[in-house]
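Here are some remarks on the model, set out as numbered points. They take up strand pairing and then nonpolar packing.

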Amino acid sequence: MSSPAGRVAATVDRVIGNLETFQDELAASGFPPLVNKLAGAGFRGRITTHDLGPLRLVSLDTPESACTGRERDASDGENLAVKVMTRGRTRIEQGRGDAELGPADLVLLDPTRTLRFESTAGAHVTILVPRRELRIRPAQIDRLIGKRIDGSHGPGALVSVLARQSVRSATGFREAEALRSAAAVIELITVALEARLGDEQPAPDEWLRNRIAGYIEARLADPDLSPLGIAAAHHLSVRRLHKLFEDQPLTVAALIRRRRLERCRAELTGGGRTVTAVAARWGFSDATHFSKLFKTTFGYTARALVTNNRALTTKTRTAGPEQDGGDQGRR
């Protein structure tokens, strides 16, 4: 995947007539190793990949298949996969899920878990999403893995249409545009997954946690936002509040901090404000502390993100035919 200071996208578009080569291309794209029981000497498939910020979009056109994938080490689980059917039908078994997918339907998959699927000749698009980018807790992901999401209406339909169109249009982005577009795609996927979770009646604690998470989201810019105030607003003791989140990946304070950092990153990607001003707007009064938190969370500094965006903007505004290489071929 590209970094904020790197190039935007790596693109592959190949028709492959050899199963081993096809599987090598899949592995290079981030897919787990699969054993296809139906593949023969006449195998022919097509793979197209694009990178969009932290996302990778992979379009596959394959013959009739019956595949299995073994459990993998957790270190291989950086990404989750959202698979969208575009043509044909597939039955997928993973986790507690057993999904029958038709055109437009989608399913969330975990590349580290055992997988079985059978499909007609068909086509599908898979979006590989970094786990850290999805605001879905591990317990909720367990409930979603392998479950069919209807792609004919609601948020699932929006994700389905976007995935099917994106493989043809995810090119020509500048880095800042790619990051912002990827953030929008991730947000839409999150909404679709949360809607699928909503089909099941949540436990009282989960309902309360979701309510508190929404309260936090709406007040991230409030410098006084704290566990004490959140507990009081929900008529809870601070101890009870912390107990609600004790089995979650983030404590209440860590959730506030993480969401503020994500808001800072989104605003800095858009440009126009200094790092210090953006940090202060989202509750970080100590610029040095903010810089350390930002780099620890995202793997690069806020200043590098701003510098790269400015360089791209300047290059775009000032480039003439000579800089673009438009006249060099005629010289």
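1. Two strands are taken to pair if DSSP finds at least two bridges between them. In this predicted model, strand β7 (residues 90-94) and strand β8 (residues 97-101) meet that condition with five bridges and pair in the antiparallel sense, and Glu-93 stands opposite Asp-98 in β8. Two residues lie between the strands of this hairpin, where Gly-95 takes a positive phi near 60 degrees.

2. Strand β7 is also joined to strand β10 (residues 115-119), with which it runs antiparallel over four bridges, and here Ile-92 stands opposite Phe-117. The side chains alternate along β7, so that, with buried meaning under 20% relative accessible area, Thr-90, Ile-92 and Gln-94 are buried on one face, while Arg-91 and Glu-93 point to the other face and are not buried.

3. Turning to the helices, the largest nonpolar core has 31 residues, and those with the most contacts inside it are Ile-212, Ile-216, Ile-230, Leu-268, Phe-290 and Phe-294. Elements giving two or more residues to this core include α5 (204-218), α6 (227-233), α10 (287-298) and α11 (302-318), while the largest share, six residues, comes from α8.

4. Which residues does Ile-230 touch, not counting those up to four places away in sequence? Its contacts are Ile-212, Tyr-215, Ile-216, Leu-225, Leu-241, Val-252 and Ile-256.

5. A second core, separate from the one described above, has 28 residues, among them Leu-108, Val-159, Ala-163 and Leu-197. As general background, nonpolar side chains tend to be buried together in soluble globular proteins.

Notes
Residues are numbered from 1 along each chain as its sequence is written. This is a predicted model: local features need pLDDT of at least 70, side-chain atom pairs count only at pLDDT 80 or more; totals for chains, interfaces and linings use all residues. Side-chain values use heavy atoms; hydrogens and water are left out. A nonpolar core is a set of buried Ala, Val, Leu, Ile, Met, Phe, Trp, Tyr and Cys residues joined through side-chain atoms within 4.5 Å. Buried means under 20% relative accessible area, exposed over 50%, partly exposed in between (1.4 Å probe, protein chains only). Contact means heavy atoms within 4.5 Å.
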